[in-house]
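This briefing covers charged contacts, burial and backbone details in a single protein model. Please keep the sequence and the 3D view open while reading.

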Amino acid sequence: MKLSDYSDFPANIPVVAEDELFLYPFMISPLFLSDEKNIKAAAKAIEESTLVIVCPTKPSHEGERSLDALYNVGVVGSIMRKVALPDGRVKVLFQGLARAKILNKVSDNPLIAHIDVIKATSVNSLKIDAILEILREKVRILASVSNYFPPDLLRTIEENHDHNRIIDLICSTIKLKKEQAYKLFVESNTEKRFLDLIEFLIDEIEANKLQKEIRSKVHTHIEKINKEYFLKEQLKQIQKELGSDTSRDEEIEEYRKKLEAKKDKLQDSAYKEIHKQIERLSRMHPDSSDASMTQTYLDWVLDIPFGEESKKALHISEVEAQLDKDHFSLKKPKERITEFFAVKELMELRGIKSSSGAILCFSGPPGVGKTSLANSIAEALKRPLVRIALGGLEDVNELRGHRRTYVGAMPGRIVQGLIDAKKMNPVVVLDEIDKVAKTGRGDPTSALLEVLDPEQNREFRDYYLNFDIDLSKVIFIATANDVGKIPAPLRDRMEFITVSSYTPQEKYEIASRYLLPQELKKHGLKKSEVNISKTALQELIHSYTREAGVRDLRRKIANMARKVAREILEKPQITKVSITVKNLKEYFDKTVFEIEKTTKIPVVGVVNGLAWTAVGGDVLKIESIRINGKGTMQLTGSLGDVMKESARIAHSVVKTLIDTRRLKIDESNIPLTPKEKEENTEVDISEVYKRYDLHLHVPDGATPKDGPSAGIAMVSVIASILSSKKIRSEIAMTGEVSLSGDVLPIGGLREKLIAAHKAGMSKVVIPLKNYERDLDEIPQEVKDTLEIMPVSRIEEVLNAVLV
């Protein structure tokens, strides 16, 4: 099929769209057709043995197949071959024959247009030959500065005398934008096509010359650096040509301005260090590693809020009001916090500057409100709160900062906290200070000595900054579960406020006043949509949680709120969900029997001791049995060394009581040999502990136990088993015993008595000294339900507990 077959042009022929580029009359090109219109147009051309016109799409109209989205020119040619591909596309081999122009649309699907061939105008041969020579010269120049023209193509251009063929060859080789290619393609005046093409070649020569010049400028660096560095250098040369390489100088000038703005608020040493680093940066090569490190340092250090402070005056009334608003109960901690800030307010009013003052540390079981007390203080003082979690911290550089010689160095947590707070006087909470680890990378608690010492922290040195920071205006508050794990020098710098476990009534008030409204709001529920009865809430506290605080209780209420939300969505007719003791199990998984209730039935060899744990108090049953033997004693129940010693002391005390007849033993309790029975021999009363082996066990064997406060309980259980006297089950006790029988004071009395109250005990035996000094700390509801009996001697204990 040849173009001469269509001597009657203009004619109607199918239109195929091409998204990528212009095709030219001399080209044989594969085309991949994926859309329906193109495939139909190609199929029609093959079926009817007609020519087809391939038109490029306009910029930003790629993929569209309407006539408006296509240029009104293209290449008329024939389809030489058609192959269907497995992915659904069709591959055709197209041979271009002539340039053509679309006159108007004939049909849409397939797209058929009325077209006419673009015929070249006649030319002045002398003039066109001169222009052609100029064109060939420009092509030779472009070939010398670029890789566009292979030698064979250059030879063809030199030897060919078909003017329009030469133009089409060059256009298909150089990278022309679609608009430029269209301008050359549509032009029928050969002379004008030559002149326009020469203009494009001149622009392309200049662009390639500039690229070559840039490459030559950076060529000396290629052997030293990698490709990325080469690209940066190219970019730098381009910016230099454009006159826009001033960003680095602007950055350094910005650093200088920031430093000058802070100069009045900086110490001399800090100003000198920062100024020195800015000057160093200005002399460094911008791509060196030192420049990057110095720039990071300046970004950090100029973000520190030197001189920026919260200006709000201190008023203890506001602190007190905020604590009462956010926390129920906690009378003693609130009083101590208020006293602490009262001293600060008085000194401010009288203009006294003090460099010393206590650092507060809230200690107590998890979930009792230690961290939230610190939040309330920050809220009352209108200061930002910075929380630094110290649990598991083992690297001293986490606090002091890393020296700048290390890769990835950064300031310590304290300086980062000041930057985050944007103030120099925030409230900083050092959470879990008792869980700091000591390893080969230093002891973080030693760094905390300087931070928490008011005499030293006005000149705290961060290794990264390399100058002193004033931390004297920061309010530091620490929290801990176990004060005993804090090193003694660090303990000496803090004042401890004990936040004890809550009673069931206090938990009920906290749940109804705070937890329930907060969780309903968090879960998108209205107060009117959920009603939980008082007895149900009390049962939830008593049977479904085991904790000193209220953290697990909050989780249970949140779990309930989620189930209520789902119920309201699934059953739109429900407007209110009521939770009572009867349907409590529908909303909560299983009960957790926190403390076993007393049976109030006297038993031989079982006594109720009271224990302190990190999660509050607990009732500790101590059991004992006797076995015919030689007077030895076996101890089980994962007991610590101190508790084992306490058991041995208790055994000796009971022996002494038996020997001195202060503990009466029925002779029938003493095992006799057959001979002694036959001869009716009288044996000494002391044989009762010589002829029995004792086994003392503290249940919940997997849990480690230690401490001396079970002393009187152990004396009671050993005395009971040897004398066969029952122990009153409604009595619990705590107290250390000495070898001489004195009852010595113990710690954690509040938690222990709360545990006895929860277990339904009616009477508690405690050391006399604890009764005299610690009774004020016991909640009133506990004192109202328990008979608290003070004792100073072991005989008083045995008289009270043995039936």
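Is glutamate 279 buried, partly exposed or exposed? With a relative accessibility of 24%, glutamate 279 counts as partly exposed, because the buried class ends under 20% and the exposed class begins over 50%. The model is predicted, and the values below are computed from it. The structure holds 41 salt bridges, and some of them are described here along with a charged patch, an enclosed helix and several loop residues.

**Salt bridge between α8 and α9**

- Glutamate 279 pairs with arginine 256 through a side-chain salt bridge, with an N to O distance of 3.3 Å.
- Because glutamate 279 lies in helix α9 (residues 268–283) and arginine 256 in helix α8, the pair ties together parts that are 23 residues apart in sequence.
- Arginine 256 is partly exposed at 28% relative accessibility, and glutamate 279 is likewise classed as partly exposed at 24%.

**Negative patch involving α8**

- Asp249, Glu250, Glu251, Asp299 and Asp303 form a negative patch on the surface.
- Helix α8, which spans residues 247–262, gives the most to this patch, with three residues.
- Glutamate 251 is one of the patch residues and is found in helix α8.
- The relative accessibility of glutamate 251 is 38%, so this residue counts as partly exposed.

**Salt bridge between α11 and α12**

- Lysine 334 and aspartate 324 meet through their side chains in a salt bridge, at 3.3 Å from N to O.
- This pair links distant parts of the chain, with lysine 334 in helix α12 (residues 331–349) and aspartate 324 in helix α11 (residues 316–326), ten residues apart.
- The two partners fall into separate burial classes: lysine 334 has a relative accessible area of 10% and is buried, whereas aspartate 324, at 44%, is partly exposed.
- The loop between α11 and α12 contains serine 329.
- Serine 329 has a positive phi near 65°, in a residue other than glycine.
- At 23% relative accessibility, serine 329 counts as partly exposed.

**Salt-bridge network**

- A salt bridge joins arginine 793 to glutamate 795, and their closest N and O atoms are 3.3 Å apart.
- Which residues belong to the one network joined by salt bridges that share partners? The members are Arg662, Asp742, Arg793 and Glu795.
- Arginine 793 has a relative accessible area of 23% and is partly exposed.
- Glutamate 795 has a relative accessibility of 19% and counts as buried, because the cut-off for that class is under 20%.

**Helix α25 and the glycine after it**

- How many residues of helix α25 (residues 749–758) are buried? Ten of its ten residues are buried, so the helix is largely enclosed by the rest of the structure.
- The buried residues of α25 include the nonpolar side chains of Leu749, Leu753 and Ile754.
- Charged residues are also among the buried residues of α25, including Arg750, Glu751, Lys752 and Lys758.
- Glycine 760 follows α25 and has a positive phi, near 80°.

**Loop between α2 and α3**

- Serine 146 lies in the loop between α2 (125–145) and α3 (151–159).
- With a relative accessible area of 11%, serine 146 is buried.
- What does the side chain of serine 146 reach at 2.7 Å? The partner is the backbone oxygen of leucine 142.
- The serine 146 side chain also reaches the backbone nitrogen of tyrosine 148, at 3.5 Å.

**Loop between α1 and β3**

- Serine 49 lies in the loop between α1 (36–47) and β3 (52–56).
- Phi of serine 49 is positive, near 55°, in a residue other than glycine.
- Most residues other than glycine have a negative phi.

**Loop between β17 and β18**

- Lysine 630 is found in the loop between β17 (616–628) and β18 (633–636).
- Is lysine 630 buried or exposed? Lysine 630 has a relative accessible area of 77% and is exposed.
- The C-alpha atoms of lysine 630 and arginine 691 are separated by 5.0 Å, although the two residues are 61 residues apart along the chain.

Terms used:
Residues numbered from 1 in each chain as written. Predicted model: local features only at pLDDT ≥ 70, side-chain atom pairs only at ≥ 80, totals over all residues. Heavy atoms only, no water. Patch = residues over 30% accessible without salt bridge, like charges linked within 9 Å, V, L, I, M, F, W, Y side chains within 5 Å. Areas by Shrake-Rupley, 256 points an atom, 1.4 Å probe, with all protein chains shown as cover. Salt bridge = Lys/Arg side-chain N within 4 Å of Asp/Glu carboxyl O. Charge placed at Lys NZ, Arg CZ, Asp CG, Glu CD. Helix = DSSP H or I, 4+ residues; strand = E, 2+ residues; numbered from the N terminus. Buried < 20%, exposed > 50% of the residue type's maximum accessible area, 1.4 Å probe, protein only. Polar contact = N/O pair within 3.5 Å; in protein donor to acceptor, adjacent residues only side chain to side chain.
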